[in-house]
Each structure stands twice: as structure tokens, then as C-alpha cells.
Amino acid sequence: MSETDYVPPRIWIWDKESGGRFAKINRPIAGPTHDKALPRGRHPLQLYSLGTPNGVKVTVMLEELLEAGHAGAEYDAWLTNIGAGEQFGSDYVDLNPNSKIPTMEDRSGPAPVRLFESGSILVHLAEKFGAFLPEAGPDRTETFNWLFWQMGSAPYLGGGFGHFYAYAPVKIEYAIDRFAMETKRQLDVLDRNLADREYMIGDTYTIADMAIWPWYGALAKGLLYDSAEFLQVHEYKHVNRWADQLLERPAVRRGRMVNRVYGEPSSQLFERHNASDFDTLTQDKLPEEDRGKVDPYRRGLDLEGV
Ligand SMILES: N[C@@H](CCC(=O)N[C@@H](CS)C(=O)NCC(=O)O)C(=O)O
């Protein structure tokens, strides 16, 4: 179908054959598609996720908390295969009615607390451990300004630009123009802010940086949608400076590896159940017969509910 001959019908009908990379998992309805229990490990925090930018925000935060000495931030990170529809399992939907990654369960209190939406997870963790979110005043407000900016803006980058530039089955000039313009505007917003600030709110590293980096830091470093040249991302030099600076942080490096299923085998840790997993269970370290599977990560765990 070309972009000019389509006339919307009076009533929209679900076309299951619409094509595109996500055609199989996209549905116009919510709710579970099948009964499925979720595994639970021994740590207080259970994360069900995937190493996409939204997932990485949370694993970076967890690794930063551990790096800062908050032992209570120990976590089990389970891989959620969204391509196979695992986000539509019954237990998953009970934790996250929106069926997206990341999803978390905090089991440290008297009753488990469910968490969905990466921004909400970041705020919960920041408040729980009193870290990476100023306690009061203008700095706290400025952190929220940028955190909510990210939550509102990234869908234009991912669902808009990324979808139409990289994933849609047809290249639609109008859509690519519209979202490339908005993506470049957003990069300029960040570039101007970072021109005279070390981090998003000033001198302090916060959950706003952790939320923005996996999307816009990765974009500026040419890691998203193979779009570096198209968007001329090198022009955003303050974003590039900040992105490089964050990438130097050991916790950011580790957080990027968790639940990652693409890239260098040494950068892929499908699941994380112990701090030592980074040294022993990346894909390059597994015997050939175990690669590409979650089994080796779950072996020996005292699993409840699977
Ligand atoms: N606003 C949500 C967005 C989460 C999101 O879109 N997750 C994607 C992967 S990055 C997902 O789970 N997609 C699966 C699906 O749409 O079924 C958040 O920040 O947590």
C-alpha cells in the first residue's frame, strides 16, 4: 500500500496481517493470553525485563545502588521474551496490566508491592534507598521535570522515529520527517541543558540521567536505529560529552549488560541472579550448548512458582 492511496474505513478493524517487526505481538486489547506463573528468586527485588532502553534504566539504577553500598538492592533479573509474548502471561499481567517491560516486584516488605512503568520503578527505588533523588526542594523538582520529560518524550523517539525509520514495513516520508524533526528538537533540548550542567539537574547525578541516558545517550553515540548519520548526532556535542561520561561508570556498564540479548556475546548477560554472574555467565563464557537459553541462569536456583 502506498502512502497516498489509503482512505481510512468508517470503522477501524484489526488487521492481523499488518506486517512490521512487532505485528505478531501488537494487539488492540489488553489482558492475559495464557496462564503462566512467574519465577521468583531469593532476592528482595524481582525484575522481569529485557535489555531495551526502558529496561536498562532500571538495571543501571539497581547496579548504581549496589555500587553505592545498598545491599538491600540485590535483585533477580529474569528475561522476558516480548517477541514470544511472555508479557501476556497471567502472572505477568497481574504485576503489570500494561504488559510491557520493565516490571518489578518488591518483596522486601510485609506484602509484595507490584511496580510497572520505568519512571515509577526509578522513583520507588530512589525513595526506598534515599539515593539519586534529592530529598526536597528545587533539585527534587528539577529531577522530576527531566524524568517526566523523558517519559513523555521517548515514545516520539522510539514509537515514532525508530518505528518508522527502522521497523515499519514501508518507508513513509511524512512520518519519518515528522519524527526526525521532533527527535532532533529533543536532542537540542538536551544539548542546551547539558551545555552548562554536568548532569541533567546540575552537579548531581540522579534518576533523571539514568532515565535519559539509555535513550538519548545511546542515540547520540550512534547505538540506536543505525541513525547516527541520518540525524547527524555528532552535532550534539554536550549530549555526547555527558553520554561518554556516564558510560565510564561501572554501574552503567553492568546495567547495560543485564537482560541483553544482542550485541557482543561478552556484553550479554541474559539473566542476573548474583553479582558474580557478570564474570561467569555472559554468553561468551557459556558452553556452546547453553548459549541463547535461560536454563543455565536458572540452574541451582530455589525457584518458587515455575
Ligand atoms: N512507558 C513504559 C514503556 C515500556 C515499553 O514500551 N516496553 C516495551 C519494550 S521497550 C515492551 O515491553 N514492549 C512489549 C509490547 O509492546 O508488547 C515504561 O517506561 O516502562
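**View 1. Long-range contacts and overall build of the chain.** Among contacts between residues at least 6 apart in sequence, 66% join residues at least 24 apart. The model is predicted. Its secondary structure comes to eleven helices and four strands. The radius of gyration is 20 Å, close to the 19 Å that the globule rule gives for 306 residues, so the chain is as compact as a globular protein of that length. Along the principal axes, the C-alpha atoms fill a box of roughly 55 × 50 × 40 Å. Buried residues account for 34% of the 306 residues.

**View 2. The open sheet.** Four strands line up in the order β2-β1-β3-β4, with mixed pairing. The edges belong to β2 (75-79) and β4. Each of these has a single partner strand, so one side of each is left without a neighbour in the sheet. On average, neighbouring strands are turned by 15 degrees against each other, direction ignored.

**View 3. The parallel pair, β1 and β2.** These two strands run parallel and are joined by five bridges. One residue pair to look for is L47 with its bridge partner A77 in β2.

**View 4. Helices packed on the sheet.** Helix α1 (residues 53-67) touches β1, β2 and β3. Its direction makes about 155 degrees with that of β1. Helix α3 (residues 118-129) also packs on the sheet, touching β3 and β4. The direction of α3 makes about 130 degrees with that of β4.

**View 5. The antiparallel strands, followed through E105.** Strand β1 (residues 45-49) runs antiparallel to β3 (residues 103-106), with four bridges between them. Here Q46 has E105 of β3 as its bridge partner. On to the next strand: β3 is antiparallel to β4 (residues 113-116), again through four bridges. E105 has R114 as its bridge partner in β4. E105 thus appears in both pairings, with Q46 and with R114. β3 and β4 form a hairpin, with six residues between them.

**View 6. The shell around the ligand.** Which residues surround the ligand? They are I25, T52, N54, I82, Q87, S99, K100, I101, P102, E117 and S118. By class, the shell has four nonpolar, five polar and two charged residues. One of the shell residues is S118, and helix α3 spans residues 118-129. Another shell residue is N54, and helix α1 spans residues 53-67.

Key:
Residues are numbered from 1 along each chain as its sequence is written. This is a predicted model: local features need pLDDT of at least 70, side-chain atom pairs count only at pLDDT 80 or more; totals for chains, interfaces and linings use all residues. A residue is near a molecule or strand if its C-beta atom, placed from the backbone, lies within 6 Å of it. Ala, Val, Leu, Ile, Met, Phe, Trp, Tyr, Cys and Pro count as nonpolar, Asp, Glu, Lys and Arg as charged, and the others, Gly among them, as polar. Two strands pair if DSSP finds at least two bridges between them. The radius of gyration is taken over C-alpha atoms; the globule rule is 2.2 Å times the number of residues to the power 0.38. A residue is buried if 20 or more other C-beta atoms lie within 10 Å of its own, exposed if 12 or fewer, and partly exposed in between; C-beta atoms are placed from the backbone. Two residues are in contact if their C-beta atoms, placed from the backbone, lie within 7 Å. Axes are lines fitted to C-alpha atoms, for helices over the stretch in contact, and angles run from 0 to 180 degrees between N-to-C directions.
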